[in-house]
Amino acid sequence: MTSETITADAAGTWKLGGLPVSRVGFGAMRLTGSAAFHHGTPSDRKRSIAVLRKAVELGVNHIDTAAFYFSALRSANELINTALAPYPDNLVIATKVGPFRDYHGDWGTSARPDQLRGHVEENLRQLGRDHLDLVYLRRMRQDSVAEHFGALAELREAGLIRHLGISAVQPRHLAEAQAIAPVVSVQNRYALDRPDPEADELLRLCGEQGIAFVPFYAVAGDAEERGATTAHDDAVLAVARAHGASPAQVRIAWTLCQGPHVLAIPGTGNPDHLTENVAAGALRLTDDELARLNSARSQAG
């Protein structure tokens with residue numbers, strides 16, 4: 001498929017709260033190096049800045065980031081600030097709080113509820129903003145999200161946060177959070193090669209309630225933070241050949257087919273891959289192709 005002139009508009013739009021965004025967004029995790037976090041080698045700063053600016057040029061107006069997205073030399077939030085500030089009025093920046101990495105890059109104890117304000121303020125400082133458009137509480141194995149989510153709801157009332165989301169949750173956590181404050185988005189792991197009945201249920205609940213569902217590792221698969229998977233089954237490869245597309249584009253297109261409320265956030269530090277990812281929003285899978293991919297998914301794992 002041709003990708004040179006395809007923009008994010010091809011994927012359609014959804015509203016995060018009252019904020020309209022293109023359904024193909026951009027995940028910032030891979031901006032900082034050849035692999036995320038402390039894996040791989042730090043990225044070329046000029047190239048990462050160019051990728052961000054290219055994303056906006058292509059119509060991407062939803063960027064997903066976090067203060068804990070950093071490598072030995074690079075910070076995703078700093079790169080976003082440098083590349084895009086002063087920010088376009090229609091740009092929605094989502095971030096996550098809860099997990100913590102120290103200055104050496106080691107994962108520390110996840111935040112207590114009373115520490116979440118510090119996490120929010122760190123994102124504000126790094127991004128150079130006086131409020132955050134969307135903040136996810138990333139659950140770190142705690143049984144209940146009520147106390148942590150309640151702390152974020154207070155920061156929303158104080159004007160530091162515009163909208164709230166939850167991440168890495170089970171269906172019961174959505175109901176728990178919704179009883180405290182409106183949830184506009186759920187971000188969970190969800191991928192073509194990873195059957196997960198619990199995630200399917202969350203996807204359904206979000207659709208019924210008009211909540212965005214934002215899968216992570218949809219392209220990376222089992223490679224996770226190390227980058228896009230190279231393990232593609234025969235169904236993905238066959239559909240890719242039929243459309244003259246890449247397997248990654250097929251995975252993004254399948255993700256978008258899971259519902260109008262599903263938003264893709266593929267990440268990359270490569271300008272060519274960025275253009276390809278955005279172009280995937282124009283890929284239209286047939287009913288037969290979706291059936292074949294869904295059948296392969298049900299047999300995976």
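**Exercise 1. Is Ala168 buried, exposed or partly exposed?** Find where Ala168 sits in the chain and say what is unusual about its backbone.

*Solution.* A word before we start: this is a predicted model.

- Step 1: Place the residue. Ala168 is in the loop that runs between E7 and helix H5 (171-178).
- Step 2: Check its accessibility. The relative accessible area of Ala168 is 25%. Buried needs a value under 20% and exposed a value over 50%, so Ala168 comes out as partly exposed.
- Step 3: Look at the backbone. Ala168 has a phi near 60°, which is positive even though the residue isn't a glycine. Most residues other than glycine have a negative phi.

**Exercise 2. Which other residues or bonds in the loops have backbone angles worth a look?** Try Phe37 and the bond between Ala85 and Pro86.

*Solution.*

- Step 1: Start with Phe37, in the loop between E3 and H1. Its phi is positive too, near 60°, in a residue other than glycine.
- Step 2: Ask how much of Phe37 is accessible. With 8% relative accessibility, Phe37 counts as buried.
- Step 3: Move on to Pro86, which you'll find in the loop between H2 and E5. The peptide bond joining Ala85 and Pro86 is cis, with omega about -5°. Most peptide bonds are trans.

**Exercise 3. Describe helix H3: its length, its buried residues, what they pack against and what follows the helix**.

*Solution.*

- Step 1: Get the length. H3 covers residues 116-127, so that's 12 residues. From first C-alpha to last, H3 reaches 17 Å, close to the expected 16 Å.
- Step 2: List the buried residues. In H3 they are Leu116, His119, Val120, Asn123, Leu124, Gln126 and Leu127.
- Step 3: See what's around them. The buried residues of H3 pack against two helices, H2 (76-84) and H4 (146-157), and against strands E5 (92-97), E6 (132-138) and E7 (161-167).
- Step 4: Step off the end. Gly128 follows H3, and its phi is positive, near 70°.

**Exercise 4. At what angle do H3 and H4 pack, and which residues make the contact?**

*Solution.*

- Step 1: Recall that two packed helices are described by the angle between their axes and the distance between the axes.
- Step 2: Fill in the values. The axes of H3 and H4 are 10 Å apart and the angle is about 50°.
- Step 3: Name the arrangement. H3 and H4 are therefore oblique to each other, and their crossing is right-handed.
- Step 4: Find the residues. H3 brings Leu116, Arg117 and Val120, while H4 brings His148, Ala151, Leu152 and Leu155.
- Step 5: Sort them by class. The contact of H3 with H4 has five nonpolar residues, one polar and one charged.

**Exercise 5. Now do the pair H1 and H9: are they roughly parallel or oblique?**

*Solution.*

- Step 1: Take the geometry. The axes of H1 (residues 45-57) and H9 (residues 271-279) come within 9 Å of each other and cross at roughly 20°.
- Step 2: Draw the conclusion. Angles under 35 degrees count as roughly parallel, so H1 is roughly parallel to H9.
- Step 3: Add the handedness: the crossing of H1 and H9 is right-handed.
- Step 4: List the contact. From H1 come Arg47, Val51, Lys54 and Ala55, and from H9 come Pro271, Leu274 and Thr275.
- Step 5: Sort by class. In the contact of H1 with H9 there are four nonpolar residues, one polar and two charged.

**Exercise 6. Which residue is Leu263 separated from by 4.7 Å, C-alpha to C-alpha, despite 240 residues along the chain?**

*Solution.*

- Step 1: Locate Leu263. Its place is the loop between helix H8 (247-256) and H9.
- Step 2: Check accessibility. At 0%, Leu263 counts as buried.
- Step 3: Find the partner. The C-alpha atoms of Leu263 and Arg23 are the ones separated by 4.7 Å.
- Step 4: Look at the wider surroundings. Leaving aside neighbours within four places in sequence, Leu263 is in contact with nine residues' worth of company, including Trp14, Leu16, His62 and Phe213.

Note on methods:
Residues numbered from 1 in each chain as written. Predicted model: local features only at pLDDT ≥ 70, side-chain atom pairs only at ≥ 80, totals over all residues. Heavy atoms only, no water. Helix = DSSP H or I, 4+ residues; strand = E, 2+ residues; numbered from the N terminus. Expected span 1.5 Å × (residues − 1). Buried < 20%, exposed > 50% of the residue type's maximum accessible area, 1.4 Å probe, protein only. Contact = heavy atoms within 4.5 Å. Axes fitted to C-alpha atoms, helices over the stretch in contact; angles between N-to-C directions. Parallel < 35°, antiparallel > 145°, perpendicular 65-115°, else oblique. Left-handed = near helix turned anticlockwise from the far one by under 90°. Nonpolar A, V, L, I, M, F, W, Y, C, P; charged D, E, K, R; others polar.
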